[in-house]
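This briefing is meant to be read alongside the sequence and the coordinates. It goes topic by topic, from ring pairs to nonpolar cores and on to individual residues.

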Amino acid sequence: MARLATWHKEGRDPDENDDRAVGGTGSRFALADGASTTARAEEWAELLVAAYAINGLDILELCVLDALRSQWRERVDTAGLPWYAREKLRLGGAATFVGVDIDVAHQRYRAIGIGDACLLHLRDREVITAGPLDHPRQFGRTPALITTHTADASHRAALWEHGDGYEDGDHIVLASDGLAKYLLERHRNGAPIDVATIPGDDDEFRTWVAHARRAGMDNDDTTICAVRL
């Protein structure tokens, strides 16, 4: 069972939220954070999470990735776009990504990640594993990205892969960068991470996010997918 919630960056409209996540009753969960400086990043993030979590595809296989890139171009290249919009589309979209495939029968999971959208494996409110980044100082302005450019495989150099077992009651948390950094900072400062206190309802999550931002969390699109194992 997954709890999924998102809230946009303060000062932006809700439809400008570039984060996308998929969770549910299946074994795969994913989160992608579209790079806001790129073209139609929210559409690219949506394609990535759906391909991985719903369709069960290996999104890092170049043939799969290029098929998704073609879908992105079909979605965004609509008639009547002004020249500046077409120029931005030519530069392409990009997103960070983290996904997890949970093997319930053997109580194990496999995770992949590119960039600063992160997975945290929690047990008794303590961090067992975090990745692709595991320290708040590793977060910056230029994370590794999966792009919409045909045949671009540059993200592979930054690929994080991890597999491990889990115990009943553990949590797997997929978090966009601002939230991941905030949780890792709290952990390093000795504060337990109680996922149960992070609401799964968007309205309640909005209140929680506002409080966390006042406590130092970066003002950015904020998304969580929390899975209790």
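The points below concern aromatic pairs, cores, a histidine, cysteines and backbone details.

The model is predicted. A search of the whole structure finds 3 aromatic pairs, and ring pairs link Tyr182, Phe205 and Trp208 into a cluster. The largest nonpolar core has 26 residues, with Phe205 and Trp208 among the members that touch the most others, while a second, separate core holds 25 residues. The count of disulfides comes to 0.

**Tyrosine 52 and its partners**

- The ring centres of tyrosine 52 and phenylalanine 97 lie 5.5 Å apart with 70° between the planes, and because planes over 60 degrees apart count as edge-to-face, the pair is assigned to that class.
- This pair links distant parts of the chain, since tyrosine 52 belongs to helix H1 (residues 41-54) and phenylalanine 97 to strand E4 (residues 94-103), with their positions 45 residues apart in sequence.
- Tyrosine 52 has a relative accessible area of 5% and is therefore buried, and phenylalanine 97, with a value of 1%, is buried as well.
- Tyrosine 52 also takes part in a contact with a charge, in that the charged end of arginine 28 sits over its ring, 4.3 Å from the centre.

**The cluster of Tyr182, Phe205 and Trp208**

- Tyrosine 182 and tryptophan 208 form an edge-to-face pair, with 6.2 Å from centre to centre and 85° between the planes.
- Here too the pair links distant parts of the chain, with tyrosine 182 in helix H4 (residues 177-188) and tryptophan 208 in helix H5 (residues 202-214), 26 residues apart.
- Both tyrosine 182 and tryptophan 208 are buried.
- Phenylalanine 205, which ring pairs join to Tyr182 and Trp208 in a cluster, touches Ala5, Thr6, Trp7, Ile198, Pro199, Thr222 and Ile224 when residues up to four places away in sequence are not counted.

**Nonpolar cores**

- Within the 26-residue core, the residues that touch the most other members are Leu120, Val173, Leu179, Phe205, Trp208 and Ile224.
- Two or more residues of this core come from each of E1, strand E6 (118-123), strand E7 (126-131), strand E10 (171-175), H4, H5 and strand E11 (222-228), and H4 gives the most, with 5 residues.
- The second core, separate from the largest one, includes Ala39, Ile59, Leu68 and Leu89 among its 25 residues.

**Histidine 8 and arginine 90**

- Histidine 8 lies in the loop between strand E1 (2-7) and strand E2 (19-22), and its relative accessibility of 10% means that the residue counts as buried.
- The side chain of histidine 8 reaches the backbone oxygen of arginine 12 at 3.0 Å.
- Leaving aside residues up to four places away in sequence, histidine 8 touches Asp13, Pro14, Asn17, Arg213, Asp220 and Asp221.
- Arginine 90, placed in helix H3 (residues 83-91), counts as exposed at 56% relative accessibility, and its C-alpha atom is separated by 26 Å from that of histidine 8, 82 residues apart along the chain.

**Cysteines**

- Cysteine 225 is in no disulfide, for the nearest cysteine sulfur, that of cysteine 118, is 14 Å away, whereas a disulfide would require sulfur atoms within 2.5 Å.
- Cysteine 225 is buried at 0% relative accessibility, while cysteine 63 is exposed at 60%.

**Backbone details in loops**

- The peptide bond from glycine 131 to proline 132 is cis, with omega near 5°, and proline 132 is found in the loop between E7 and strand E8 (146-147).
- Aspartate 124, in the loop between E6 and E7, has phi near 50°, a positive value in a residue other than glycine, and counts as exposed at 69% relative accessibility.
- Alanine 151, in the loop between E8 and strand E9 (160-165), likewise has a positive phi in a residue other than glycine, near 70°, and at 47% relative accessibility counts as partly exposed.

Note on methods: Residues numbered from 1 in each chain as written. Predicted model: local features only at pLDDT ≥ 70, side-chain atom pairs only at ≥ 80, totals over all residues. Heavy atoms only, no water. Phe/Tyr/Trp six-rings, centres within 6.5 Å; stacked < 30°, edge-to-face > 60°. Helix = DSSP H or I, 4+ residues; strand = E, 2+ residues; numbered from the N terminus. Buried < 20%, exposed > 50% of the residue type's maximum accessible area, 1.4 Å probe, protein only. Lys NZ or Arg CZ within 6 Å of the ring centre and 35° of its normal. Polar contact = N/O pair within 3.5 Å; in protein donor to acceptor, adjacent residues only side chain to side chain. Contact = heavy atoms within 4.5 Å. Core = buried A, V, L, I, M, F, W, Y, C linked by side-chain atoms within 4.5 Å.
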